[in-house]
Amino acid sequence: MRRLFTDTLVIAERNLVRLPRAPELLVAFTVQPIMFVLLFRYVFGGAIKTPGFSYADFLIPGIIVQNIAFGGFVTALGLNEDLHKGLIDRFRSLPMARAAVLAGRTLADVVTNGLSASILVITGLIIGFSFHTSVLEALAGGGLLLLFGYAFSWVFAFLGMLVSSAEAANSVGFIAVFPLTFISSAFVPVKSMPSVLRAFAEVNPFTITVDAMRSLWLGAPAGNDVWGAAVWALAIIVVFAPLAVARYRRAAGQ
Amino acid sequence: MPRASGDDAAAVSVRGLVKSYGDVKALVGVDLDVSHGTVLGLLGPNGAGKTTIIRILTTLLRPDAGSARVAGLDVVADAAKLRERIGLAGQYAAVDENLTGLENLTMVGRLYGESRARAKRRGHELLERFELLDAAKRPTKTYSGGMRRRLDLAAALVAKPPVLFLDEPTTGLDPRSRLQLWETIEGLVADGTTVLLTTQYLDEADRLASEIAVIDHGRVIAGGTPDELKDRVGGERLEIRLDEAARAQAAADALASMSDEPPGVDGDLVTVGVRRRGGAIVEAVRLLDDAGVGVEDIALRRPTLDDVFLSLTGHAAEAAEDEQAAA
C-alpha cells in the first residue's frame, strides 16, 4: 500500500514535470478556456437572458464545469501515447505497483485541473463575476469541481485506451462529451430549450453539477443538487475506474 | 518456493512454452536455455514469436502452457520478485520524450523503490557510462535515435539486473550507433550479465551471440553456436565467376571431382562445396585451366547466417518480414 502511494506520486510527478515542455498542452489549459470565457461573455452574453443573475455570474460556474470535464483529455492522449510508444511495457516490467500508472495519471490531472480552474476564476473576476457566498461554501464548490474533474479523468483514461490512436481519442472524446456539456444549464437556462432537450438537460449530470456550483458560489437555491452532483461524480468513478483498469490490463497484456 | 539464482544451472530456462492470441498460435512449444554470463540470440523474421518469448520472460505476458524460469524465479509464480532482477530494453526506445535523460533514469530508479537522491546518483552514473552526460538535462525528444536507444538501455540497467532482455536493440539505427551499442552490450556481458536478445539481423546475432536459437512459426527450428549452425548448412564453398556463361557446364564437369555434391550453376556463376579449405583455389584454377575455361573471379566463401536461415526455413529472413508487415 505504501508502495502504491509513492509510485503514484512518482508517476504523477512525471506527468506534471513534462507539462511545461509541451506548449500545446499549456495553451489548452490556459489560453483556450480564457478565450471561451471572453467569447461567451461578450458575443453570446448579451443575447442570453439569465433571470436572477448577471451573465458573468451565470457563465463562470458553467464554463468551469465544462472545462474541468475536458481536463481528463490529457490522460486520454497520454495513456494512448504511453501504450503505443512502449512506456507501459517499461512500467510493467518494473517492480512497481501496477495501479500507480493510472492512479498517477489521474492524480496529475487534479493538479492541472486546479490550475486551469483557478485561471478561469481569475478571468471571471476580471470580467465581472463575483462570489456571493461564504468562503467555506466557495471552497466546497472548488472541492466538488475537482471531484467532478477527477471522475472524468477516469472516463477519458478508459477512452484513451479503447481507441487506436491519439487522434481517435480526441474525436471520440469530443463527440461523446462536448454535446453533453452544451445540452445542460452551463451556458443557457434550461427553461429556454425545446421540451425534448430540456427533459434531457434536466437530468444531465452537467446540469446538476453546474446548478450545484451556482448554489455554492452564487447562493442560488440548491435543492438536492450539491449531493446529487457528488453522487454523480462518485458513480462515474465507480463505473469508469474499474473499466479503465480492466482495459489497461487487456491493452497492456498483448 | 523461489530458489536462489545461484542454485540454477541456467540463467534462463524455458520448457514447452505455448501462447496463442485468439486463433493465432504465437508459440507452439519453445524450449530454451541460457547459461550465466552468456548471450543467447533469438533469430527469426517478424512474427516468428521472438517478441512473445521476451514478453513472457519479462512477466508482461502469461504463457498458456509450459514453464519458464529466469534468474531462478518462475515467470508466473514469482513475477513480482522477478521484476527486481531483470532489465528490459524494447523495440522502440521506451523513454518519456518530454523528460530529460536524467529525469527518465531517476523516475525508473524511484519506481524500483530507491530514494530520489540515490536514483539520481545512479542516473548520473549511467549517463556518464553511456556518454550521455552532456545531454542529461535535455528533453529526450531532442536526442538522436542512437542516443535514445542508449538511454533506453541505461534505463534497463538502473537496478543492475543479472539478466537483461533486449528486443531488437539496434533496429532502425545507423551503422555507427549500431556498432556503439554492440560494444556496450559486449561490455555488459564481460561484466557477467546474461543477455537474451532478439534480432532479425544475422550479422548482429553472429557478432554478439554465443548461442543462437532460430525461431520460425512459434518454435525453435535450430540451435547452436553460430559456427555450428553454419557448419550444418555445409562447409565452405568456392564461388567462381566465368568469362562466358556458355562454358558453365564444362566448368561444372571439370570441378565435379572436388566435391561430394554436383557443383551448382547459375548463369556465369559456378558454386562448389569443398572438402578441404587448403589448396582449394589452386586446385580449381588448375582444373579449369586444363578444361580451357576462362575465370573472371574466384573466391572461397564461408556460409553466412543468411544461408543458414534460408536453408532452415526455406525463405530468407527479409522476405518473411515483408509478408508479416503486409498481414
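**Exercise 1. Compare the span of helix H10 (residues 280-291) of chain B with the expected value.**

Solution. Helix H10 of chain B has 12 residues. The expected span is 1.5 Å times one less than the number of residues, which gives 16 Å for this helix. From the first C-alpha to the last, helix H10 of chain B reaches 17 Å, close to that expectation. Just after H10(B), B:Gly292 takes a positive phi of about 75°. Helices here are DSSP runs of H or I with at least four residues, strands are runs of E with at least two, and both are numbered from the N terminus.

The model is predicted: local features need pLDDT of at least 70 and side-chain atom pairs count only at pLDDT 80 or more, whereas totals for chains, interfaces and linings use all residues. Residues are numbered from 1 along each chain as its sequence is written, and chains are lettered from A and ligands numbered from 1 in the order in which they are written.

**Exercise 2. Determine which element of chain B has the lowest mean pLDDT and which the highest.**

Solution. pLDDT is the predictor's confidence in each residue, from 0 to 100. Chain B has a mean of 86, with 92% of its residues at 70 or more. Among its elements, helix H12 (residues 317-326) has the lowest mean, 45, and helix H3 (residues 101-111) the highest, 96. The pLDDT is also below 50 over residues 1-7 of chain B, a stretch with 11 contacts beyond near neighbours in sequence; two residues are in contact if their C-beta atoms, placed from the backbone, lie within 7 Å. Where pLDDT is low, the predicted coordinates should not be read in detail.

**Exercise 3. Assess the radius of gyration of chain A against that of a compact globule.**

Solution. Chain A has 12 helices and zero strands. The globule rule is 2.2 Å times the number of residues to the power 0.38, and the radius is taken over C-alpha atoms. For 254 residues the rule gives a value near 18 Å, and the 19 Å of chain A agrees. Along the principal axes, the C-alpha atoms of chain A fill a box of roughly 60 × 35 × 35 Å.

**Exercise 4. State how many residues each chain brings to the contact.**

Solution. Chain A gives 18 residues and chain B gives 25 residues. On the chain A side, helix H1 (2-17) and helix H6 (87-92) each supply at least two residues. For the complex, the predictor gives an ipTM of 0.86 and a pTM of 0.82.
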